[in-house]
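Take a moment to look over the sequence and the 3D view, and turn the structure around as you read. The short report after it walks you through a few places worth finding.

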Amino acid sequence: MSSGTRIVICGGGAIGAAIAYFTSRRGARSTVIERHAVAGAASGKSGGFLALDWCGGPLDRLARRSFELHAELSAELGDPWGYRRLTTYGGYAAEDDISRGAGGRPWLADGVAITRQLGSPETTALVEPRAFTTGLMHAAQAHGAVLQHGIVVDLLRSPSGAVNGILNLTRVCRDRQFQSDPSGVVAVLPAGRTAVRPFHPPLRLPSPPAAWP
Ligand SMILES: Cc1cc2nc3c(=O)[nH]c(=O)nc-3n(C[C@H](O)[C@H](O)[C@H](O)COP(=O)(O)OP(=O)(O)OC[C@H]3O[C@@H](n4cnc5c(N)ncnc54)[C@H](O)[C@@H]3O)c2cc1C
């Protein structure tokens with residue numbers, strides 16, 4: 001990716017904040033367009049649970065790399081989101097059932113029964129999800145990324161259907177169009193409405209690090 005490449009990111013969730021952080025760190029001019037608030041959707045309300053090896057198939061390498069990256073990010077950025085490795089358990093709670101007891105675990109309510117161990121500190125971890133997303137966005141902004149309040153309403157495409165690098169959006173209150181640099185790159189990544197298209201021109205990211213599993 002050439003320095004100064006313009007990248008427009010739709011959505012200030014964990015995904016948008018991460019893209020903004022990594023691209024701005026590599027010298028891109030990244031702009032995040034967020035219609036509500038950073039971490040205002042799923043990324044601020046999730047469990048914040050991280051697992052090394054719960055994804056089979058083609059996602060397995062990605063999940064393992066993500067797990068590793070969380071440790072690196074927390075060390076790199078001072079961990080304002082409480083990253084921690086921990087032992088995790090699965091279980092259930094039944095109303096008025098205190099017969100099973102907490103099994104010697106003072107942190108567990110009496111009505112909860114643990115059925116199995118899910119992971120160990122080597123394979124499971126936790127973050128505070130809102131703090132993680134906002135922390136990553138702040139780190140991106142420190143590298144020059146820009147956060148704008150606005151609503152993405154459409155992508156402009158060439159006759160072939162490819163996103164041609166121009167994003168058509170209406171900014172809240174101002175109702176005017178914003179056009180990105182046609183030589184730039186557009187990423188649209190709100191959860192559930194993902195519209196990641198082949199970029200034009202292609203996004204050239206550096207090769208994965210040698211440590212990539
Ligand atoms: C209850 C719950 C628990 C979860 N627990 C876990 C867990 O423990 N571990 C885990 O790994 N995952 C968990 N997840 C999944 C995880 O939260 C999501 O996969 C992740 O947050 C998705 O991030 P995102 O950035 O893609 O989307 P989001 O967090 O949804 O962010 C999208 C952003 O885009 C903005 N937006 C949308 N449309 C537009 C538009 N047109 N213009 C401008 N902005 C727009 C939204 O306002 C939002 O801020 C959980 C999810 C839920 C709901």
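Below is a guided look at two helices, the surroundings of the ligand, one strand residue and some backbone angles. Keep in mind that this is a predicted model.

## Two helices

Let's begin with helix α1, which covers residues 14-25 and has 12 residues. From its first C-alpha to its last, α1 reaches 16 Å, close to the 16 Å expected at 1.5 Å a residue. How many of the residues of α1 are buried? The count is 10 of the 12, so α1 is largely enclosed by the rest of the structure. Among these buried residues are A14, I15, G16 and Y21. Just after the helix comes G27, with a positive phi of about 100°.

Helix α3 has 17 residues, from 60 to 76. Its span from first C-alpha to last is 24 Å, close to the 24 Å expected at 1.5 Å a residue. Here too a glycine with a positive phi follows: G78, with a value near 85°.

## Around the ligand

Now find the ligand, which has 25 residues around it. The closest are G11, G13, S43, S46 and G47. Four elements give two or more residues to this shell: α1, β2 (29-34), α2 (42-45) and β9 (151-157).

What kinds of residues make up the shell around the ligand? It divides into 12 nonpolar, 10 polar and 3 charged residues.

## A residue in strand β7

Next, look for L126 in strand β7, which runs over residues 124-126. With 17 other C-beta atoms within 10 Å, L126 is partly exposed, because a residue needs 20 or more to count as buried.

Which residues does L126 contact, leaving aside its neighbours within four places in sequence? They are G48, F49, L50, R84 and L86. R84 shows how folding can bring distant parts of a sequence together: L126 and R84 are 42 residues apart in sequence, yet 5.5 Å apart in space, C-alpha to C-alpha.

## Positive phi without glycine

Most residues other than glycine have a negative phi. With that in mind, look at A39, which is not a glycine but has a positive phi of about 65°. A39 sits in the loop between β2 and α2, and it counts as buried because it has 24 C-beta neighbours inside 10 Å.

D79 is also a residue other than glycine with a positive phi, near 50°. You can find D79 in the loop between α3 and β4 (84-85). Is D79 buried or partly exposed? It is partly exposed, with 16 other C-beta atoms within 10 Å.

Definitions and conventions: Residues are numbered from 1 along each chain as its sequence is written. This is a predicted model: local features need pLDDT of at least 70, side-chain atom pairs count only at pLDDT 80 or more; totals for chains, interfaces and linings use all residues. The expected span of a helix is 1.5 Å times one less than its number of residues. A residue is near a molecule or strand if its C-beta atom, placed from the backbone, lies within 6 Å of it. Ala, Val, Leu, Ile, Met, Phe, Trp, Tyr, Cys and Pro count as nonpolar, Asp, Glu, Lys and Arg as charged, and the others, Gly among them, as polar. Two residues are in contact if their C-beta atoms, placed from the backbone, lie within 7 Å.
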